[in-house]
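Visitor: I would like to walk through this model with you and ask how each label is earned. Could you set the values beside the cut-offs as we go?

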Amino acid sequence: GRKRVLDNGFILNRGDAHKQVWEKFSDSPDHRCRKLAEDAKRLKEKRERADYESHYPRIDIDAPIVVTLAAQFATGLAILDVALPRNTGVMRKN
């Protein structure tokens, strides 16, 4: 996702790059971009929960679901038109 937004001319400021990347996707008029942003948020929430909470009930149930979601996410990003998300603002200088 990060490479995609940079390749499409977006500028990422210092700070939470993950948040900025997926904001670009969620702000897109393209429904596929918005879906990827939603899935990225869900995956991040699950990862943080597994990393930082001392107890994760139902991890045995959630783990295979998260693996499937991650695979679907990777496929969705791979098949997304390379021009998306489209940057209609100021282009970055190389």
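Guide: Gladly. Let me begin with a term: a salt bridge is a side-chain nitrogen of Lys or Arg within 4 Å of a carboxyl oxygen of Asp or Glu. Keep in mind that this is a predicted model.

Visitor: What makes the pair E48 and K44 a salt bridge?

Guide: The closest N and O atoms of E48 and K44 are 2.7 Å apart, and the cut-off is 4 Å, so the pair qualifies as a salt bridge. Both residues lie in helix α3, 4 residues apart, which is about one turn of the helix.

Visitor: Why are E48 and K44 called partly exposed?

Guide: Partly exposed covers what lies between the buried limit, under 20%, and the exposed limit, over 50%. E48 has a relative accessible area of 30% and K44 one of 24%, so each counts as partly exposed.

Visitor: How many salt bridges does the structure hold, and which residue does D7 pair with?

Guide: The structure holds 10 salt bridges. D7 pairs with K3, with 2.7 Å between the closest N and O atoms. These two residues are both in helix α1, 4 residues apart, again about one turn of the helix.

Visitor: Are D7 and K3 exposed or partly exposed?

Guide: The two carry separate labels. D7, at 49% relative accessibility, counts as partly exposed, because exposed requires over 50%. K3 has 58% and is therefore exposed.

Visitor: How do you know whether R32 and D30 are buried or partly exposed?

Guide: D30 has a relative accessible area of 15%, so it is buried, as buried means under 20%. R32, with 38%, is partly exposed. Their side chains meet in a salt bridge, 2.6 Å from N to O.

Visitor: Which residues are linked in a network of salt bridges?

Guide: K35, D39 and R42 are. As a general point, side chains of opposite charge can pair when their charged atoms come close.

Visitor: Why is D39 called buried?

Guide: D39 has a relative accessible area of 6%, and the limit for buried is under 20%, so D39 is buried. D39 lies in helix α3. Leaving aside neighbours within four places in sequence, D39 is in contact with L69 and F73.

Visitor: What makes α2 roughly antiparallel to α3?

Guide: The two helices pack at an angle of about 150°, with axes 7 Å apart. Roughly antiparallel applies to angles over 145 degrees, so α2 and α3 earn that description. On the α2 side the contact is made by H18, W22, F25 and S26, and on the α3 side by C33, R34, L36, A37, A40 and K44. By class, this contact has 6 nonpolar, 2 polar and 2 charged residues.

Visitor: Which residues of α2 are buried, and what covers them?

Guide: In α2, residues 17–26, the buried ones are Q20, V21, W22 and F25. Their cover includes α1 (2–7), α3 (31–52) and α4 (59–79).

Visitor: What caps the N-terminal end of α2?

Guide: D16 does: one of its side-chain oxygens lies 3.2 Å from the backbone nitrogen of H18.

Visitor: Where is E53, and why is it called partly exposed?

Guide: E53 is in the loop between α3 and α4. At 42% relative accessibility, E53 falls between the limits of 20% and 50%, so it counts as partly exposed. Its C-alpha atom is separated by 25 Å from that of L36, 17 residues away along the chain.

Visitor: What is notable about R58 and about the bond joining L84 and P85?

Guide: R58, in the loop between α3 and α4, has phi near 70°, a positive value in a residue other than glycine. L84 and P85 are joined by a cis peptide bond, with omega about -5°, and P85 is in the segment after α4. For context, most residues other than glycine have a negative phi, and most peptide bonds are trans.

Visitor: How many helices and strands are there in the chain, and how much of it counts as buried?

Guide: There are 4 helices and 0 strands. Of the 94 residues, 29% count as buried. The C-alpha atoms fill a box of roughly 45 × 30 × 20 Å along the principal axes.

Notes:
Residues numbered from 1 in each chain as written. Predicted model: local features only at pLDDT ≥ 70, side-chain atom pairs only at ≥ 80, totals over all residues. Heavy atoms only, no water. Buried < 20%, exposed > 50% of the residue type's maximum accessible area, 1.4 Å probe, protein only. Contact = heavy atoms within 4.5 Å. Polar contact = N/O pair within 3.5 Å; in protein donor to acceptor, adjacent residues only side chain to side chain. Axes fitted to C-alpha atoms, helices over the stretch in contact; angles between N-to-C directions. Parallel < 35°, antiparallel > 145°, perpendicular 65-115°, else oblique. Nonpolar A, V, L, I, M, F, W, Y, C, P; charged D, E, K, R; others polar.
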